[in-house]
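Please read this briefing alongside the sequence and the structure, looking up each residue as it is named. The points are grouped by topic.

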Amino acid sequence: MSDDTTGLSMILPVDQAGERLDAVLSALLPDVSRSRIQALLKDGHIRVNGTAEKPSLRIQGGEAVDIDWPESEPSVWVAQDIPLHIVFEDAQILVLHKPAGQLTHPGAGHADGTLVNGVLAHLPENAYLPRGGIVHRLDKDTTGLLVVAKTEMARQSLIDQLGDHTMHREYLALVNGPMTGGGRVDEPIGRHAHDRLRMTVRADGRPAQTDFRLVERFPRHSYLRLRLATGRTHQIRVHMAHLGHALVGDPVYGGRMTVPQGLDAEGLAYWQQFRRQALHAWRLKLYHPESEELMSWESPLPEDMEKLLDVLRQVRRAR
């Protein structure tokens with residue numbers, strides 16, 4: 001096997017004759033995901049005896065393989081000196097805490113000022129990674145932990161972990177209505193038929209599963225711990241609203257505000273001014289892309305959500 005900065009050549013092993021080309025290459029290139037190898041094959045960047053082949057080709061063994069790595073184009077997003085709350089960093093990954101009010105990526109009407117703009121200032125080389133190395137996102141007003149890849153190998157590993165559910169993302173949320181226990185919501189999610197900014201449960205949507213457990217119950221609200229089995233847009237917000245337990249403060253799915261009984265003037269004022277979904281990504285667990293060590297981080301509940309819980313507990317004690 002030989003390689004340089006732009007290409008790689010190898011001879012396929014004879015003892016793997018009869019196996020699929022993509023499977024053999026995946027075994028020979030453990031730092032490159034099988035989905036990435038399939039994409040390279042389909043785009044003609046991998047040639048077998050000088051010919052582009054399908055991933056499903058059954059090899060005979062002894063074929064010469066040449067891989068032409070496509071050059072990455074730099075991101076058009078600008079680097080900005082935006083403070084980052086760094087939880088962990090090494091040569092492969094960066095784990096951040098995202099505050100409320102910050103978009104993960106630029107979008108319509110928000111060309112900059114996002115988390116990825118700050119990441120690109122901290123890691124200029126991430127301009128050459130798709131989406132700045134961020135493989136999952138948090139909604140603008142959701143707080144908590146998010147991982148960023150610093151290399152293509154790490155990016156592919158994180159994508160694979162998201163796909164096979166070995167990356168665990170756990171959340172804390174305050175929802176409307178008292179609940180009696182936990183469970184799983186297994187309902188497909190798709191774009192709303194009439195409002196393109198909303199998602200909804202619909203039969204032809206993409207599969208989505210959310211596990212939840214009751215942490216603390218109040219007369220009119222519930223404090224939950226949730227875990228994503230999938231990662232659809234607005235998934236927790238849509239699933240909990242579908243159950244009739246929309247997140248407190250959710251401006252899109254929350255519906256009519258549920259106010260706790262017995263609030264004093266200060267508590268009522270605080271409750272009414274809380275205008276974001278009460279959702280926090282508190283724990284992140286993943287396998288390190290290089291060492292394969294299982295790693296875990298936790299982020300404390302933000303002050304504004306702690307204050308909501310304090311208000312509810314004070315009212316409960318006063319009853």
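In this predicted model, the residue to begin with is Asp139, which the UniProt annotation "active site" covers, according to an unreviewed entry. The bullet points below place Asp139 in its loop, and then turn to a strand, a helix and the confidence of the prediction.

**The annotated residue**
- Asp139 belongs to the loop that runs between helix H3 (115–122) and strand S8 (143–149).
- Asp139 counts as buried because its relative accessibility is 12%, and the cut-off for buried is under 20%.
- Leaving aside residues up to four places away in sequence, Asp139 touches Lys98, Gln102, His234, Arg237 and Gln277.

**Strand S7 and its partners**
- One of the residues that Asp139 touches is Lys98, and strand S7 spans residues 93–98.
- Six of the six residues of S7 are buried, so this strand is largely enclosed by the rest of the structure.
- In a regular strand, side chains alternate between the two faces of the sheet.
- In S7 both faces are covered, with Ile93, Val95 and His97 buried on one side, and Leu94, Leu96 and Lys98 buried on the other.
- Strand S6 (residues 85–89) pairs with S7 in the antiparallel sense over four bridges, and a hairpin of three residues joins S6 to S7.
- Within this pairing, Glu89 has Leu94 of S7 as its bridge partner.
- S7 also pairs with S8 in the antiparallel sense, over six bridges, and here the bridge partner of Lys98 is Gly144 in S8.

**Helix H6 and its buried side**
- Helix H6 covers residues 265–273, and Gly267, Tyr270 and Trp271 are buried in it.
- These residues lie on the same side of H6, because they cover an arc of only 100° around the axis.
- The buried residues of H6 pack against strand S9 (168–176), strand S14 (221–228) and helix H7 (303–318).
- At the N-terminal end, H6 is capped by Asp264, a side-chain oxygen of which lies 3.3 Å from the backbone nitrogen of Glu266.

**Confidence in the model**
- The protein chain has an average pLDDT of 90, and 95% of the residues score at least 70.
- Over residues 1–6, however, pLDDT stays under 50, and for this stretch the model has nine contacts beyond four places in sequence.

Key. Residues numbered from 1 in each chain as written. Predicted model: local features only at pLDDT ≥ 70, side-chain atom pairs only at ≥ 80, totals over all residues. Heavy atoms only, no water. pLDDT = per-residue confidence, 0-100. Contact = heavy atoms within 4.5 Å. Buried < 20%, exposed > 50% of the residue type's maximum accessible area, 1.4 Å probe, protein only. Helix = DSSP H or I, 4+ residues; strand = E, 2+ residues; numbered from the N terminus. Arc of directions from axis to C-beta. Polar contact = N/O pair within 3.5 Å; in protein donor to acceptor, adjacent residues only side chain to side chain. UniProt positions renumbered as here; feature names shortened; annotations may be inferred. Pairing = 2+ DSSP bridges.
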